[in-house]
Amino acid sequence: LKARTTGSHERKAVRVAVEAEDGEVKAMVFNTAGVVGAGTMGHGVAFTFARGGCRVVLIDQDDSALAG
């Protein structure tokens, strides 16, 4: 497996609303996201997190999927 990470000096955090078991909605903060699979969907998910300021680790078994 190969991995590729985004690089940015200015990091932000991605906030996601999550409903807890008791029904209360809480915010979870992500600074780093890992995405397995660099196909069409994986690239889209990785791009969305990176665009939000998150550091992203993108992993795929095919080296050519991580090129560029």
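The following exercises, each with a worked solution, concern a predicted model of a protein chain.

**Exercise 1. Determine which elements make up the protein chain and in what order they run.**

Step 1. The secondary structure amounts to 1 helix and 5 strands.
Step 2. Read from the N terminus, the order of elements is β-β-β-β-α-β.

**Exercise 2. Establish where in the protein chain confidence is lowest and where it is highest.**

Step 1. For the chain, the mean pLDDT is 79, and 79% of residues reach 70 or more.
Step 2. The lowest confidence belongs to strand 1 (residues 2-5), with a mean of 50.
Step 3. The highest belongs to strand 4 (residues 32-36), at 91.
Step 4. Where pLDDT is low, predicted coordinates should not be read in detail.

**Exercise 3. Decide whether D60 is buried or exposed, and find which backbone nitrogens its side chain reaches.**

Step 1. D60 lies in strand 5, which covers residues 55-60.
Step 2. Its relative accessible area is 13%. Buried means under 20%, so D60 is buried.
Step 3. The D60 side chain reaches the backbone nitrogen of A38 at 2.6 Å.
Step 4. The side chain of D60 also reaches the backbone nitrogen of D62, at 2.8 Å.

**Exercise 4. Locate A65 and identify its contacts beyond its neighbours within four places in sequence.**

Step 1. A65 belongs to the segment after strand 5.
Step 2. With a relative accessible area of 18%, A65 falls under the 20% limit and is therefore buried.
Step 3. Apart from neighbours within four places in sequence, A65 is in contact with A38, H43 and D60.
Step 4. A65 and A38 are 27 residues apart along the chain, yet 5.8 Å separates their C-alpha atoms.
Step 5. A38 thus appears twice: as a contact of A65, and as the residue whose backbone nitrogen the D60 side chain reaches.

**Exercise 5. Classify M28 by accessibility and name the residues that form a nonpolar surface patch with M28.**

Step 1. M28 is placed in strand 3 (residues 25-30).
Step 2. The relative accessibility of M28 is 39%. Partly exposed covers the range between under 20% and over 50%, so M28 counts as partly exposed.
Step 3. Together with V16 and V18, M28 forms a nonpolar patch on the surface, and the three share about 200 Å² of accessible area.

**Exercise 6. Describe burial, exposed area and contacts for the protein chain as a whole.**

Step 1. The chain has 68 residues, of which 19% count as buried.
Step 2. About 5,100 Å² is exposed, with carbon and sulfur atoms supplying 53% of that area.
Step 3. Considering contacts between residues at least 6 apart in sequence, 43% join residues at least 24 apart.

Methods
Residues numbered from 1 in each chain as written. Predicted model: local features only at pLDDT ≥ 70, side-chain atom pairs only at ≥ 80, totals over all residues. Heavy atoms only, no water. Patch = residues over 30% accessible without salt bridge, like charges linked within 9 Å, V, L, I, M, F, W, Y side chains within 5 Å. Areas by Shrake-Rupley, 256 points an atom, 1.4 Å probe, with all protein chains shown as cover. Salt bridge = Lys/Arg side-chain N within 4 Å of Asp/Glu carboxyl O. Helix = DSSP H or I, 4+ residues; strand = E, 2+ residues; numbered from the N terminus. Buried < 20%, exposed > 50% of the residue type's maximum accessible area, 1.4 Å probe, protein only. Polar contact = N/O pair within 3.5 Å; in protein donor to acceptor, adjacent residues only side chain to side chain. pLDDT = per-residue confidence, 0-100. Contact = heavy atoms within 4.5 Å.
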